[in-house]
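Here is a short briefing for a reader meeting this structure for the first time. Look it over, then read on by topic.

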Amino acid sequence: MILLGDGGMGKTVSLIHFWKTLLESNSKNGGETIPLFITLLEYNSVTEDEYANFIAKRIAWHYLGLKEDRGDTINLLWDVFKIAPPNGLPNILLLLD
């Protein structure tokens, strides 16, 4: 899903609301899809050297508390992304703003 619109139209607010709704639904229903919210504004604030694996690094930082670059964790995250879920639902839902 892609939300398009001019600045101030509520795209970010809608995405955050959707993220919170998924988290609440998972806690109530034992859902298996993990919603991850990453703001791409951070992409503009990193050096060119940090562009590689940006998404995986941000997930490690924001959700796993890893501030330093740990290649083993990044590789593990990419492996998780590649797993095909048996029920047809995604394991991870990546919400990029």
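Two residues are in contact when heavy atoms of theirs lie within 4.5 Å. By that rule, the buried residues of helix α2 pack against β1, α3 (71–82) and β2 (92–96). The model is predicted. It has three helices and two strands.

**Overall layout**

- Along the sequence, the elements follow the pattern α-β-α-α-β.
- The C-alpha atoms fill a box of roughly 40 × 35 × 20 Å along the principal axes.
- The protein has 97 residues, and buried residues make up 21% of them.
- Take the contacts between residues at least 6 apart in sequence: 46% of these join residues at least 24 apart.

**Surface and charge**

- The protein exposes about 7,100 Å², and carbon and sulfur atoms supply 59% of that area.
- A nonpolar patch on the surface is formed by L40, Y43, Y51, L94 and L96.
- Together, these five residues have about 390 Å² of accessible area.
- One member of the patch, L40, sits in the loop between β1 (34–38) and α2 (54–64).
- L40 has a relative accessible area of 33%, so this residue is partly exposed.
- Patch members need over 30% relative accessible area, and L40 has 33%.
- The protein carries 8 positive and 12 negative charges. The mean positions of the two sets are 5 Å apart.

**Helix α2**

- The buried residues of α2 are F54, I55, A56, R58, I59 and A60.
- An α-helix has 3.6 residues a turn, so residues three or four places apart point the same way.
- Just after α2 comes G65, with a positive phi of about 75°.

**The salt bridge**

- How many salt bridges does a search of the whole structure find? The search finds one.
- The side chains of R58 and E42 form this bridge, at 2.8 Å from N to O.
- R58 lies in helix α2 and E42 in the loop between β1 and α2, so the pair ties together parts that are 16 residues apart in sequence.
- Are R58 and E42 buried or exposed? Both are buried.
- Buried means under 20% relative accessible area. E42 has 16%, so this residue counts as buried.
- Leaving aside neighbours within four places in sequence, E42 is in contact with F54, R58, W61 and H62.
- Two of these partners, F54 and R58, are among the buried residues of α2.

**N53 and its contacts**

- Where is N53 placed? This residue belongs to the loop between β1 and α2.
- E42 is found in the loop between β1 and α2 as well.
- N53 counts as partly exposed because its relative accessibility is 36%.
- Which residues does N53 touch, not counting those up to four places away in sequence? The answer is I74 and W78.
- N53 and W78 are 25 residues apart in sequence. In space, their C-alpha atoms are 9.2 Å apart.

Definitions and conventions:
Residues are numbered from 1 along each chain as its sequence is written. This is a predicted model: local features need pLDDT of at least 70, side-chain atom pairs count only at pLDDT 80 or more; totals for chains, interfaces and linings use all residues. Side-chain values use heavy atoms; hydrogens and water are left out. Patches are made of residues with over 30% relative accessible area and no salt bridge: like charges are joined within 9 Å, nonpolar side chains (Val, Leu, Ile, Met, Phe, Trp, Tyr) within 5 Å. Accessible areas come from the Shrake-Rupley method with a 1.4 Å probe; for residues, only the protein chains shown count as cover. A salt bridge is a side-chain nitrogen of Lys or Arg within 4 Å of a carboxyl oxygen of Asp or Glu. Helices (H or I, at least four residues) and strands (E, at least two) are DSSP runs, numbered from the N terminus. Buried means under 20% relative accessible area, exposed over 50%, partly exposed in between (1.4 Å probe, protein chains only). Lys and Arg count as positive and Asp and Glu as negative; His and the chain ends are not counted. The place of a charge is taken as NZ of Lys, CZ of Arg, CG of Asp or CD of Glu.
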